[in-house]
Amino acid sequence: MNTPIYQVFYIKNSVASSQAWKALSAAERSALMEQERASREAVKANEIVICNSAWADEEHPAWGVFSFPDLPARIQHTRTLKKIGWLDLVEAFTLLGTSDSAPVAVTLPNPIYKLWIGKISPAGTGAYRQLSKELEAALWEKHNAVYEETGSKVVLTCSSYWCNEAYPFFGVSVYPSIEANEKVMRVLDELG
């Protein structure tokens, strides 16, 4: 696969991981973080977004998205993470995906980022498949209109079905404020 690979991850708040991380000296933690960053640089990975989300979700205090030039680069980075012991210290959920377009640049001051991961629901999938093309287009039109009205954007949408059947897609949206996010969510809830 010679296409950009996007990796979404969210860190899990784990007592064991926290204790293992705290057992390292400040110099050891710094060196480990530098090795992880150097590994990403060596494979030409790019940081799309890294977010502190502890204020909204104590179970998952941080998340982010990286892009890799191709699948071999992502595999090499994982091998390095294993070799340096990163995977023994950080508990996370990771999902890989591909996108038809590059991430949208974020120019909002102090944006609110939202990570969304789609999970297969037989009832939801069945209902979606029964939508007429006209109704589906009308729903997307309303979706896009509320994003535009609130100054919000979908930054990235990825297909991950090729590597995880339970979670076939993920993405990142950005909002200028919490109120904009609330309005978008109200409209999406009304649309079903």
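Helices and strands are here runs assigned by DSSP, numbered from the N terminus.

**Figure 1. Overview of the protein chain.** The model shown is predicted. From the N terminus on, the elements follow the order β-α-α-β-β-α-β-β-α-α-β-β-α, and the secondary structure comes to six helices and seven strands. Along the principal axes, the C-alpha atoms fill a box of roughly 55 × 35 × 30 Å. The protein chain has 192 residues, of which 32% count as buried. Of the contacts between residues at least 6 apart in sequence, 76% join residues at least 24 apart.

**Figure 2. The open sheet of four strands.** The strands of this sheet are arranged in the order 2-3-1-4, and their pairing is antiparallel. Strand 2 (46-52) and strand 4 (92-97) are the edge strands, each pairing on one side only. From one strand to the next, the twist averages 10 degrees. Strand 2 and strand 3 (residues 62-68) run antiparallel and are joined by six bridges. Within this region, Ile50 stands opposite Gly64 of strand 3.

**Figure 3. The nonpolar cores.** The largest nonpolar core consists of 15 residues. Tyr6, Trp63, Val65, Leu156 and Phe170 are those with the most contacts inside this core. At least two of its residues come from each of strand 1 (5-11), strand 2, strand 3, strand 4, strand 6 (153-159) and strand 7. Another core, of eight residues, lies apart from it and includes Phe9, Ala45, Phe68 and Leu96.

**Figure 4. The surroundings of Gln7.** Gln7 is a residue of strand 1. Its relative accessibility is 7%, and Gln7 therefore counts as buried, the limit for that class being under 20%. When neighbours within four places in sequence are left aside, the residues in contact with Gln7 are Gly64, Val65, Phe66, Phe68, Arg74, Thr94, Leu95 and Leu96.

**Figure 5. The surroundings of His60.** His60 is located in the loop between strand 2 and strand 3. Because its relative accessibility is 17%, His60 counts as buried. Not counting residues up to four places away in sequence, His60 touches Tyr10, Ile11, Lys12 and Ser53.

**Figure 6. Helix 6 and its two faces.** Helix 6 comprises 14 residues (residues 178-191). At 1.5 Å a residue, the expected span is 20 Å, and the end C-alpha atoms are 20 Å apart, which agrees. The buried residues of this helix are Ala180, Asn181, Val184 and Val187. These residues cover an arc of only 130 degrees around the axis, so they lie on the same side of helix 6. An α-helix has 3.6 residues a turn, so residues three or four places apart point the same way. The face turned away from the buried side of helix 6 carries the exposed residues Glu179, Arg186, Asp189 and Glu190.

**Figure 7. Packing and end of helix 6.** The buried residues of helix 6 pack against two strands and a helix: strand 5 (112-118), strand 7 (169-175) and helix 5 (133-150). Among these buried residues are Ala180 and Val184. Just after helix 6, Gly192 adopts a positive phi of about 80 degrees.

Methods
Residues are numbered from 1 along each chain as its sequence is written. This is a predicted model: local features need pLDDT of at least 70, side-chain atom pairs count only at pLDDT 80 or more; totals for chains, interfaces and linings use all residues. Side-chain values use heavy atoms; hydrogens and water are left out. The expected span of a helix is 1.5 Å times one less than its number of residues. Buried means under 20% relative accessible area, exposed over 50%, partly exposed in between (1.4 Å probe, protein chains only). The arc is that of the directions from the helix axis to the C-beta atoms. Contact means heavy atoms within 4.5 Å. Two strands pair if DSSP finds at least two bridges between them. Axes are lines fitted to C-alpha atoms, for helices over the stretch in contact, and angles run from 0 to 180 degrees between N-to-C directions. A nonpolar core is a set of buried Ala, Val, Leu, Ile, Met, Phe, Trp, Tyr and Cys residues joined through side-chain atoms within 4.5 Å.
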